[in-house]
Amino acid sequence: MHNPSKISTKISLQAPSGDSWQEELADGLSDVRQLCEYLGLDLSPHHEPKSFKLKVPKAFADKMKKGDVNDPLLLQVLPDIQETMVTAGYTHDPLIENAQNPIKGLLHKYKNRVLITTTGACAVHCRYCFRQHFDYQSNMPNTQQIAKIAEYVASHAEVDEVILSGGDPLSLSHRRLGMWFDAISAMPNIKTVRIHTRLPVVLPNRVDDQLIQLLSNCPKNIIMVLHINHANEIDEHLRHKCQQLRRIGVTLLNQTVLLKTINDDVDTLCQLSRALFTAGILPYYLHVLDKVQGAAHFDLPISRAIQIYWGMLENLSGYLVPKLVQELPNQPYKTPVNLYQ
């Protein structure tokens, strides 16, 4: 159980209370021209996607190197004409999640845990997102659906963990997020709440006093799985926010996606692991790219992924090496990559 009395009153980097993070979110960059002007880039002609639009908070754009078209953070969010190419073997539902969707808003793929798609909204649109084609419209749980999900979880005694996902669950308002935490807190079989989020990375002020209080009041174990692909995403502001979360007992893990031209070398990934640990975040998973249509240009041959991983094992202490895994359709677990193939 988290103790709110342990919250420090000394918050030197804390944004003002209220909805300042939502104002920052609304003030984000939403088209390629805007982003290029902000970073002093000349990328004309450029690709402006029709559906999966560009979306970048300025707080994340500020971590990019101005004038550098090859900045590794920029390449994660900048639309590319290659997205429009149909590639064999890549699909709109690479994990076949629609088949693991017993009730609206809930995925039950793994035996002891369920995943709730709390929202379709994200603060940033990563171009390799495996849910960029997901039908959020028909899977968005409303207030009434929360009770149905609670009933489902209660009827499955083997389920002891709830994963809040989306979209990004931290894009929800405090009120809406609080409704989910209230419902989960009342579930006797649930021991752990896991929050999968990129918001503290791309918009650190989301970790405000109200969120800290909400997490502190939850009687369950809380794990926050961040999504960081490059050491340049970790700055002093994020480190401070992580310190606040750890102070109230939140366990911080990270999952990284292996991305061509962005982090597909040993040195870059070793720097990331060290930067994560310095920030109090434990490297958890290194994912082989999910084969989603539109993201093939980020993918690497599995042989290259294995080669990189051996290099990480050679250069890092064991606790700094994430697990190299694949998410495969119809498998009730993350599949470890065979390093000896």
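Reader: Which residues of H11 do Val266, Leu269, Cys270, Ser273 and Arg274 in H10 meet?
Author: This is a predicted model. In it, Val266, Leu269, Cys270, Ser273 and Arg274 supply the H10 side. The H11 side consists of Ile308, Gly311, Met312 and Asn315.

Reader: How many nonpolar residues are in the contact of H10 with H11?
Author: Sort the contact by class. One residue is charged and three are polar. The nonpolar residues number five.

Reader: Is H10 roughly parallel or oblique to H11?
Author: H10 covers residues 266-278 and H11 covers residues 302-315. Their axes lie 9 Å apart, at an angle of about 50 degrees. Angles under 35 degrees count as roughly parallel, and 65 to 115 as roughly perpendicular. The angle fits neither range, so H10 is to H11 oblique.

Reader: How are H5 and H6 oriented, roughly parallel or roughly antiparallel?
Author: H5 spans residues 143-154, and H6 spans residues 174-185. Their axes come within 10 Å and cross at roughly 20 degrees. The cut-off for this class is under 35 degrees. Therefore H5 and H6 are roughly parallel.

Reader: Which residues of H6 make the contact with H5?
Author: The crossing of the two helices, H5 and H6, is right-handed. From H5 come Thr143, Ile146 and Ile149. From H6 come Arg176, Met179, Trp180 and Ala183.

Reader: Which residues lie nearest the centre of the second largest pocket?
Author: This pocket, the second largest, has a volume of about 330 Å³. Its lining has eight nonpolar, six polar and four charged residues. Of the 18 lining residues, those nearest the centre are Leu75, Leu78, Asp80, Gln82 and His297.

Conventions. Residues are numbered from 1 along each chain as its sequence is written. This is a predicted model: local features need pLDDT of at least 70, side-chain atom pairs count only at pLDDT 80 or more; totals for chains, interfaces and linings use all residues. Side-chain values use heavy atoms; hydrogens and water are left out. Axes are lines fitted to C-alpha atoms, for helices over the stretch in contact, and angles run from 0 to 180 degrees between N-to-C directions. Helices (H or I, at least four residues) and strands (E, at least two) are DSSP runs, numbered from the N terminus. Angles under 35 degrees count as roughly parallel, over 145 as roughly antiparallel, 65 to 115 as roughly perpendicular and the rest as oblique. A crossing is left-handed if the near helix is turned anticlockwise from the far one by less than a right angle, and right-handed if clockwise. Contact means heavy atoms within 4.5 Å. On a 1 Å grid over the protein atoms alone, a cavity is a set of points where a 1.4 Å probe fits but cannot get out, and a pocket is an open set with protein on both sides within 12 Å along at least five of seven lines; lining residues have an atom within 4 Å of a point. Grid points are joined across faces, edges and corners, and a volume is the space filled by probe spheres set on the points. Ala, Val, Leu, Ile, Met, Phe, Trp, Tyr, Cys and Pro count as nonpolar, Asp, Glu, Lys and Arg as charged, and the others, Gly among them, as polar.
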